[in-house]
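Visitor: Please take me through a close look at the salt bridges here. Once they are in view, I would like to see the rest of the chain around them.

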Amino acid sequence: MRSGDSTRVAAPAYHRPMTDTTPAPWQERIFELLKAADVRQVAYVPDAGHAHVIRRVQADPDMRDVVLTTEEEGVAVAAGAWLGGQRAVLLMQSSGVGNCVNMFSLLASADVPFVTLVTMRGEHAEFNPWQVPMGRAAGEAMSMMGLTVHRVDRAEDVGETVGAALDAAYRGGQRVAVLLSQRLIGRKQWVAR
């Protein structure tokens with residue numbers, strides 16, 4: 001279902017919509033690269049680091065946003081999209097990488113190209129100690145499962161790195177992850193409600 005369709009299931013009352021202020025230019029650049037690469041499906045678990053791209057996908061009639069209950073579903077969405085003749089990207093936070101490890105084996109077994117963009121936690125000024133272990137292990141876990149892993153720490157490198165990942169996947173048949181550092185995204189703030 002497209003966001004805004006009357007058939008879409010409403011978010012639970014306790015769900016707080018993702019918000020960000022003015023997006024950084026690199027966030028808009030990611031969306032532009034997805035469009036240029038003819039990505040038609042974008043799967044995600046809602047995440048503030050990806051909020052701008054998600055909203056842009058939701059507003060685009062040529063793209064479909066696929067809200068997931070857990071990140072490993074996004075691996076299957078991407079594989080199914082490819083088998084159905086479309087391109088998909090999985091957006092997730094580093095805390096979701098551990099959920100995907102078993103599903104990553106599907107990609108290698110079926111020789112499916114794959115791209116995931118991962119916003120990192122457990123790094124720069126992290127306030128939540130639960131985020132640290134997976135933040136440290138995310139890149140290595142994906143590498144061990146056969147994904148080529150690139151890391152971006154500077155805004156000026158986002159476009160080149162994401163563009164190269166999309167080319168490697170959709171022209172070269174590779175499985176690629178781009179880690180978007182916590183320093184790039186900015187400090188997470190704990191907000192008491």
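Guide: Let's start with Arg 154, which counts as partly exposed because its relative accessibility is 45%. This is a predicted model, and in it Arg 154 forms a salt bridge with Glu 156, their closest N and O atoms being 3.2 Å apart. Glu 156 has a relative accessible area of 56%, so this partner is exposed.

Another pair joins Asp 153 to Arg 151, with 3.1 Å between the closest N and O atoms. Asp 153 is partly exposed, at a relative accessible area of 40%, and Arg 151 is also partly exposed, at 39%.

Now turn to Asp 60, which forms a salt bridge with Lys 35, the closest N and O atoms being 2.9 Å apart. This pair links distant parts of the chain: Asp 60 sits in the loop between helix 2 and strand 2 (64–67), Lys 35 belongs to helix 1, and the two are 25 residues apart. With a relative accessibility of 10%, Asp 60 lies under the 20% cut-off and therefore counts as buried. Lys 35, at 32%, counts as partly exposed. Together with Asp 62, Lys 35 and Asp 60 are linked in a network of salt bridges. A search of the whole structure finds 10 salt bridges, so you can take these as a sample.

As for the surroundings, the chain has seven helices and six strands, running α-β-α-β-α-β-α-β-α-β-α-β-α from the N terminus. Buried residues make up 46% of its 193 residues. Of the contacts between residues at least 6 apart in sequence, 78% join residues at least 24 apart.

Helix 1, home of Lys 35, leads us inward. The largest nonpolar core has 29 residues, and Ile 30 and Leu 34 are among those with the most contacts inside it. Helix 1 (25–36) and helix 2 (51–59) are among the elements that each supply at least two residues of this core, while helix 6 gives the largest share, seven residues. Looking beyond four places in sequence, Ile 30 touches Val 53, Leu 117, Val 158, Val 162 and Leu 180. Apart from this core lies another, of 25 residues, including Cys 100 and Phe 104. Both of these are buried in helix 4, as are Val 97 and Leu 107. Helix 4 has a kink of about 40 degrees centred on Met 103, and just after this helix Asp 111 takes a positive phi of about 55 degrees.

Terms used:
Residues are numbered from 1 along each chain as its sequence is written. This is a predicted model: local features need pLDDT of at least 70, side-chain atom pairs count only at pLDDT 80 or more; totals for chains, interfaces and linings use all residues. Side-chain values use heavy atoms; hydrogens and water are left out. The bend at a residue is the angle between axes fitted to the seven residues ending there and the seven starting there. Helices (H or I, at least four residues) and strands (E, at least two) are DSSP runs, numbered from the N terminus. Buried means under 20% relative accessible area, exposed over 50%, partly exposed in between (1.4 Å probe, protein chains only). A nonpolar core is a set of buried Ala, Val, Leu, Ile, Met, Phe, Trp, Tyr and Cys residues joined through side-chain atoms within 4.5 Å. Contact means heavy atoms within 4.5 Å. A salt bridge is a side-chain nitrogen of Lys or Arg within 4 Å of a carboxyl oxygen of Asp or Glu.
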